[in-house]
Amino acid sequence: MNPNPFNLCPSCLFSTTCVLTNQKHTVWSCSEYEERKEDSSINIKPTPIQESKKEPEMALV
């Protein structure tokens, strides 16, 4: 069977968890469709924000 060129499911972010239909090979329109980004060359990892610790002020007596 040839793949349908209008089929949205292969590029949908939710294709593996979608329960809207079992006939994913015939989907050409979907209100839940969100395109999956295939570019894996950009790997951005969140950097934890470290709060600066304030040192107690030293007083000369």
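**Pocket.** I began with the largest pocket, whose volume comes to about 170 Å³. I then listed what surrounds it in this predicted model: 14 residues line the largest pocket, and those closest to its centre are Cys12, Cys18, Leu20, Cys30 and Glu32. Sorting the lining by character, I counted nine nonpolar residues, three polar and two charged.

**Cysteines.** With Cys12, Cys18 and Cys30 among the residues closest to the pocket centre, I asked next how many disulfides the structure holds. The answer is zero. Why is cysteine 12 without a bond? I looked up the closest cysteine sulfur to that of cysteine 12 and found it in cysteine 30, at 6.2 Å, which is too far for a bond because a disulfide needs the two sulfur atoms within 2.5 Å. I then turned to cysteine 30, which is likewise in no disulfide; its nearest cysteine sulfur belongs to cysteine 18 and lies 5.9 Å away.

I also checked whether these two cysteines are buried or exposed. Cysteine 12 has a relative accessibility of 9% and therefore counts as buried, the limit being under 20%, whereas cysteine 30, with a relative accessible area of 28%, is partly exposed.

**Tryptophan 28.** I looked up the surroundings of tryptophan 28, which is exposed at a relative accessible area of 64%. Which residues does tryptophan 28 contact once its neighbours within four places in sequence are left aside? I found Phe6 and Leu8. I noted as well that the C-alpha atom of tryptophan 28 is separated by 8.2 Å from that of cysteine 9, a residue 19 positions away along the chain.

**Whole chain.** Last, I went through the totals, starting with secondary structure, where I found zero helices and zero strands. The chain has 61 residues, of which 8% count as buried, cysteine 12 being one of the residues in the buried class. The accessible surface of the chain is about 6600 Å², and 56% of that surface belongs to carbon and sulfur atoms. Taking the contacts with a separation of 6 or more, I noted that 19% of them are accounted for by residues 24 or more positions apart.

How values were computed:
Residues numbered from 1 in each chain as written. Predicted model: local features only at pLDDT ≥ 70, side-chain atom pairs only at ≥ 80, totals over all residues. Heavy atoms only, no water. Helix = DSSP H or I, 4+ residues; strand = E, 2+ residues; numbered from the N terminus. Buried < 20%, exposed > 50% of the residue type's maximum accessible area, 1.4 Å probe, protein only. Contact = heavy atoms within 4.5 Å. Areas by Shrake-Rupley, 256 points an atom, 1.4 Å probe, with all protein chains shown as cover. 1 Å grid on protein atoms, 1.4 Å probe; cavity = no way out; pocket = protein on both sides within 12 Å on 5 of 7 lines; lining within 4 Å. Points joined across faces, edges and corners; volume = space filled by probe spheres on them. Nonpolar A, V, L, I, M, F, W, Y, C, P; charged D, E, K, R; others polar.
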